[in-house]
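Q: Could you take a close look at the aromatic pairs in this model for me, and then walk me from there into the core and the sheet around it? Keep it chatty, but give me the geometry.

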Amino acid sequence: YKHTGLTPETTYRYKAFNWINNEWTSGIETSATTFHSAYPIPFIEYFDADTTMPAYWNAEYDDDDYSWQIGHGGLQGSYAPHSGNHNYFIKASSASVNGYEATLITAPVNTSTAANSVLKFWYLSPKRLSDVDELIVKVRENASSEWVELEKIHTSVTSWRELKYDMPKSNFCQVAFTAKS
């Protein structure tokens, strides 16, 4: 069933029942919250407001031992942010963390009205003991579409490098940054 005309940032509650032996079951309940309306462009996030995730961003990860963190630098503070006071970085709880994934997903952005939209960000990924974490940059045009990979980076980058990607025209564009240990 497809729901249409829902209000952004609204929680909807559902309850499903079964008809068994001429009786309704007590049912199961769940809820879902609709996305925030897409931000207009230019959409800029500096991560300097505080040390909490920006509104309407999302983080998904396999394990608490390997997750996106916001703070000053990362890697035990050995690298300063490119600019400002904070940046996002991957935090591994130990050297033995391997095979985990953590994904940081942006708030939705409306890129449909711009002549051209470009994603720009600064990237740094020095070697972590004997290996380098991999970064996969992906984009999707709406909440139900498949992610499209823009680039997979698996090399040591020890000084900040600016990356740029052309974005599709969409009224609900999102970017995902997936790190793999």
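A: Counting ring pairs by centre distance, you get 5 aromatic pairs. Bear in mind that this is a predicted model. Start with W19 and W24: their ring centres sit 5.0 Å apart with the planes at 65°, and since anything over 60 degrees goes down as edge-to-face, that's the label for this pair. The two tryptophans have company, too, as F17, W19 and W24 make up one aromatic cluster. Don't picture W24 as tucked away, though: its relative accessibility is 57%, so it counts as exposed.

Now compare that with W68 and Y88. Here the centres are 6.2 Å apart and the planes make an angle of 80°, which is edge-to-face again. W68 belongs to strand β7 and Y88 to strand β8, so this pair ties together parts that lie 20 residues apart in sequence. As for burial, W68 is buried and Y88 is buried as well.

W68 is also your way into the largest nonpolar core, which has 25 residues; W68, F121, L135, V137 and F177 are the ones with the most contacts inside it. Several strands feed this core: β7 (66-71), β8 (87-92), β9 (101-105), β11 (117-125), β12 (134-140), β14 (157-167) and β15 (174-180) each put in at least two residues. The largest share comes from β14, with 4 residues. That's in keeping with a broader habit: in soluble globular proteins, nonpolar side chains tend to be buried together.

Zoom in on F121 and you can see what it touches. Leaving out residues up to four places away in sequence, its contacts are L135, V137, R161, E162, L163, Y165 and F177. Of those, L135, V137 and F177 are also on the list of residues with the most contacts inside the core.

Last stop, the sheet. There's an open one of 5 strands, ordered β6-β9-β15-β12-β13, with antiparallel pairing. Its edges are β6 (58-61) and β13 (148-153), each of which pairs on one side only. Going from one strand to the next, the twist averages 15°. At the β13 end, β12 and β13 run antiparallel and are joined by 5 bridges. If you want one spot to click on there, try I136, whose bridge partner in β13 is K152.

Technical notes:
Residues numbered from 1 in each chain as written. Predicted model: local features only at pLDDT ≥ 70, side-chain atom pairs only at ≥ 80, totals over all residues. Heavy atoms only, no water. Core = buried A, V, L, I, M, F, W, Y, C linked by side-chain atoms within 4.5 Å. Buried < 20%, exposed > 50% of the residue type's maximum accessible area, 1.4 Å probe, protein only. Contact = heavy atoms within 4.5 Å. Pairing = 2+ DSSP bridges. Axes fitted to C-alpha atoms, helices over the stretch in contact; angles between N-to-C directions. Phe/Tyr/Trp six-rings, centres within 6.5 Å; stacked < 30°, edge-to-face > 60°.
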